[in-house]
Amino acid sequence: VAVDVLRQWSPRQHFVADLIADGRPVILRNTMAAEWPAVQKWTTQFLRQALNDTLLNVKRTAQSGVTFDPDRKSIMSSLASLNLSTPYTVRNMSRDEFFDRLDDTAGGEYYFTELPDTLQNDLSNARLMFASDEDFKLRRHFLWLSSAGMVTHTHFDQDYNFFVQLAGFKTFTIWMPEEHQLMYTFPRLHPMWHKSQVDPAAPDAELHPLFSRTQAYVACLSPGDLLYLPPYAWHHVVSETRS
């Protein structure tokens with residue numbers, strides 16, 4: 001099922017309260033995000049110069065491109081029997097090396113960081129993404145840069161998430177919180193407690209027979225799109241291109 005796309009949206013129109021009340025994932029087009037200077041300005045050449053760190057802490061995955069981070073604070077995280085090695089290696093790279101390698105198809109690389117203060121002004125009218133002035137003061141914006149083929153393990157977050165696609169294309173596959181019992185969540189004390197045991201690209205009908213009863217929503221994002229994800233909505237993300 002395709003996620004609804006609301007195209008006729010005023011860039012100055014408030015939307016957070018309406019989306020929270022509705023409770024469904026939705027793509028908004030023609031919001032303030034489509035007018036952000038970042039959409040046109042944040043080319044790879046610009047970001048090479050704009051990122052503050054001389055060395056970037058870059059994660060590189062295997063050819064599958066799948067990435068996840070176990071909860072190392074979990075009680076069970078120290079159990080060797082869980083074999084919880086992360087599916088990536090971490091390297092310090094210069095900015096130039098990282099951007100040169102983003103088109104490398106031999107593996108996936110990504111850099112995830114809190115948005116530097118020097119780039120905040122390129123997100124004009126960002127207050128519209130927050131329900132209150134207090135939330136806006138506590139805001140945290142994150143920047144994700146990755147090569148094509150990166151896959152984020154199916155998981156849920158506990159926050160109201162607003163994801164803006166600035167460059168390239170991504171596909172989100174989303175399951176609503178009501179599907180929780182069919183998603184084969186790892187046990188609560190497990191380091192993967194907010195992730196699914198199912199590989200949605202190749203589900204195992206013998207191990208996870210109930211997964212076939214789920215209904216997935218698909219959101220295909222283009223530059224300037226804003227995706228709202230309700231709390232506890234499961235999502236699996238593929239970077240279709242460098243983004």
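1. Accessible areas are obtained by the Shrake-Rupley method with a 1.4 Å probe. On that basis, the accessible surface of this protein, which is a predicted model, comes to about 12900 Å². Carbon and sulfur atoms account for 51% of that surface.

2. The overall composition may be stated next. The protein contains 5 helices and 13 strands. Of its 243 residues, 46% are buried. Among contacts between residues at least 6 apart in sequence, 81% join residues that are at least 24 apart.

3. One sheet deserves a closer reading. It is an open sheet of 4 strands, in the order 1-2-12-9, and its pairing is mixed. Strand 1 (5-6) and strand 9 (161-164) are the edge strands, each of them pairing on one side only. In general, the strands of a sheet pair through backbone hydrogen bonds, in either a parallel or an antiparallel manner.

4. Which strands are joined to strand 12 by bridges? Strand 2 (residues 26-28) runs antiparallel to strand 12 (residues 226-229), and 3 bridges join the two. Within this pairing, Leu-28 stands opposite Leu-226, while Ile-27 has Leu-227 as its bridge partner. Strand 9 is also antiparallel to strand 12, with 4 bridges between them. Here the bridge partner of Asn-161 is Leu-229.

5. Are the faces of strand 12 covered or open? Both faces are covered: Leu-226 and Tyr-228 are buried on one side, and Leu-227 and Leu-229 are buried on the other. As a general rule, side chains in a regular strand alternate between the two faces of the sheet.

6. The nonpolar cores should be read together with this sheet. The largest nonpolar core has 35 residues, and those touching the most other members are Phe-15, Trp-36, Trp-42, Phe-98, Met-129 and Leu-226. Apart from that core lies another, of 10 residues, which includes Ile-27, Phe-172, Leu-227 and Val-237. Strand 12 thus supplies Leu-226 to the largest core and Leu-227 to the other. Nonpolar side chains tend to be buried together in soluble globular proteins.

7. Trp-36 illustrates the surroundings of a core residue. Leaving aside neighbours within four places in sequence, Trp-36 is in contact with Asp-122, Leu-123, Ser-124, Met-129, Val-164 and Leu-166. One of these, Met-129, is also listed among the core residues that touch the most other members.

8. Is His-155 buried or exposed? His-155, located in strand 8 (residues 151-155), is buried, because its relative accessible area is 11% and the cut-off for burial is under 20%. A polar atom of the His-155 side chain lies 2.8 Å from the backbone oxygen of His-153. Not counting residues up to four places away in sequence, His-155 touches His-194, Lys-195, Ala-233, Trp-234 and His-235.

9. Leu-210 offers a contrasting case. Leu-210 is found in the loop between strand 10 (170-175) and strand 11 (217-221). Leu-210 counts as partly exposed because its relative accessibility is 29%, a value between the limits of 20% and 50%. Beyond residues up to four places away in sequence, Leu-210 touches Leu-182 and Tyr-184. Leu-210 and Tyr-184 are 26 residues apart in sequence, while their C-alpha atoms are 8.5 Å apart in space.

Technical notes:
Residues are numbered from 1 along each chain as its sequence is written. This is a predicted model: local features need pLDDT of at least 70, side-chain atom pairs count only at pLDDT 80 or more; totals for chains, interfaces and linings use all residues. Side-chain values use heavy atoms; hydrogens and water are left out. Buried means under 20% relative accessible area, exposed over 50%, partly exposed in between (1.4 Å probe, protein chains only). Contact means heavy atoms within 4.5 Å. Two strands pair if DSSP finds at least two bridges between them. A polar contact is a pair of N or O atoms within 3.5 Å; within protein, one must be able to donate a hydrogen and the other to accept it, and residues adjacent in sequence count only if both atoms are side-chain atoms. A nonpolar core is a set of buried Ala, Val, Leu, Ile, Met, Phe, Trp, Tyr and Cys residues joined through side-chain atoms within 4.5 Å.
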